[in-house]
Amino acid sequence: MTEPSGHELAQRMAELARAVAAPRKVEDVLSDVTAEAQRLIPGADTAGVLLIGKSGKWDSVAATSDLPHRLDALQMKYREGPCYQAALDDLIVRTDDFRTEQRWPLYSAAVVELGILSALSFKLYTSSQTAGALNLFATKADAFDGEAETIGAVLAAHAAAAILASRESEQLESALSTRDRIGQAKGIIMERYDVDDVAAFEMLRKLSQDSNVKLVEVAQKVIDTRGT
């Protein structure tokens with residue numbers, strides 16, 4: 001694969017920036033990022049994103065082939081590897097030859113059997129609840145260089161922005177839903193007991209406090225009793 005020109009790289013970065021800003025599913029944006037990583041970075045034979053939750057639950061997404069899923073599963077099995085290390089610790093992790101790699105002996109031996117000899121991983125700047133990495137793999141040794149690290153770091157920033165935007169959208173939707181349910185419950189209480197807005201909210205708050213149940217859950221129970 002030929003090295004992308006500066007103009008081509010800038011053009012693709014602009015397109016990805018617009019994709020991140022548009023209201024799209026995070027999975028679709030991440031798929032664009034991994035596809036572009038494989039296209040723009042010479043030597044990259046496949047790419048994917050590994051996400052690791054705070055509880056240890058993990059997800060392998062946006063892979064350009066089935067191989068990243070298998071490689072991620074091995075890393076989570078052994079709790080070692082470049083993607084695992086990039087997700088949790090280092091910003092950029094490069095492996096030039098897994099046949100001589102000493103940092104992750106179990107994982108390295110396993111991936112060599114699958115025909116992977118080098119890798120390049122980038123930490124994603126996600127929330128405190130999830131760690132993640134953009135990962136590139138190659139069937140040849142010494143497939144990646146400093147230029148690959150530069151391009152990959154920019155792509156990783158786009159992937160991280162997509163994840164952050166998605167989470168912020170989900171949080172906003174959740175907040176709006178909570179507000180709407182509390183508003184509905186207040187309306188029901190006001191009509192049922194002939195009280196004003198302040199008194200209705202105070203009744204909800206006291207019910208929540210006395211029962212040790214979240215306010216929004218109490219509101220939902222009030223809504224569920226409507227018409228009964």
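Let me begin with G115, which sits just after helix 5 and takes a positive phi of about 90°. Please keep in mind throughout that this is a predicted model.

From that glycine I would like to step back into helix 5 itself, which runs over residues 105-113 and in which Y107, S108, A110 and V111 are buried. If one looks down the axis of helix 5, these buried residues fall within an arc of 165°, so they line one face of the helix. As for what that face meets, the buried residues of helix 5 pack against helix 3, helix 4 and strand 5.

One of those residues, Y107, brings me to a glutamate, E80, whose side chain reaches the backbone nitrogen of Y107 at 2.9 Å. E80 itself is found in the loop between helix 3, residues 67-78, and helix 4, residues 82-88. Which side chain of opposite charge is nearest to E80? It is that of R103, and it is 10 Å away, so that E80, although buried, has no salt bridge, a salt bridge being counted only within 4 Å. If we leave aside the neighbours within four places in sequence, E80 is in contact with Q75, W104, P105, L106 and Y107.

R103, for its part, does have a charged partner, since it forms a salt bridge with E101 in which the closest N and O atoms are 2.8 Å apart. The two ends of that pair differ in their surroundings: R103 counts as partly exposed at 42% relative accessibility, whereas E101 is buried, with a relative accessible area of 14%.

Staying with charged pairs, the structure holds 8 salt bridges, and I will go through two others here. In one of them the side chains of E149 and R94 meet at 3.0 Å, N to O. Because E149 lies in helix 6 and R94 in strand 3, residues 92-95, this pair ties together parts that are 55 residues apart in sequence. Both partners are partly exposed, E149 with a relative accessible area of 23% and R94 at 28%. In the other, the side chains of D97 and R99 meet at 2.9 Å, N to O; here D97 counts as buried at 16% relative accessibility, while R99, at 54%, counts as exposed.

Let me turn, finally, to the nonpolar interior. In soluble globular proteins, nonpolar side chains tend to be buried together. In this model the largest nonpolar core has 28 residues, and those with the most contacts inside it are L30, I41, L124, L134, L136, F144 and L155. At least two residues of this core are supplied by each of helix 2 (26-40), strand 1 (46-53), strand 4 (118-124), strand 5 (130-138) and helix 6 (146-193). Which element gives the largest share of this core? That is helix 6, from which 8 residues come. Apart from this core lies another, of 21 residues, among them L67, M76, Y84 and W104. W104 has already appeared in this talk, as one of the residues in contact with E80.

Terms used:
Residues are numbered from 1 along each chain as its sequence is written. This is a predicted model: local features need pLDDT of at least 70, side-chain atom pairs count only at pLDDT 80 or more; totals for chains, interfaces and linings use all residues. Side-chain values use heavy atoms; hydrogens and water are left out. Helices (H or I, at least four residues) and strands (E, at least two) are DSSP runs, numbered from the N terminus. Buried means under 20% relative accessible area, exposed over 50%, partly exposed in between (1.4 Å probe, protein chains only). Lys and Arg count as positive and Asp and Glu as negative; His and the chain ends are not counted. A polar contact is a pair of N or O atoms within 3.5 Å; within protein, one must be able to donate a hydrogen and the other to accept it, and residues adjacent in sequence count only if both atoms are side-chain atoms. Contact means heavy atoms within 4.5 Å. A nonpolar core is a set of buried Ala, Val, Leu, Ile, Met, Phe, Trp, Tyr and Cys residues joined through side-chain atoms within 4.5 Å. The arc is that of the directions from the helix axis to the C-beta atoms.
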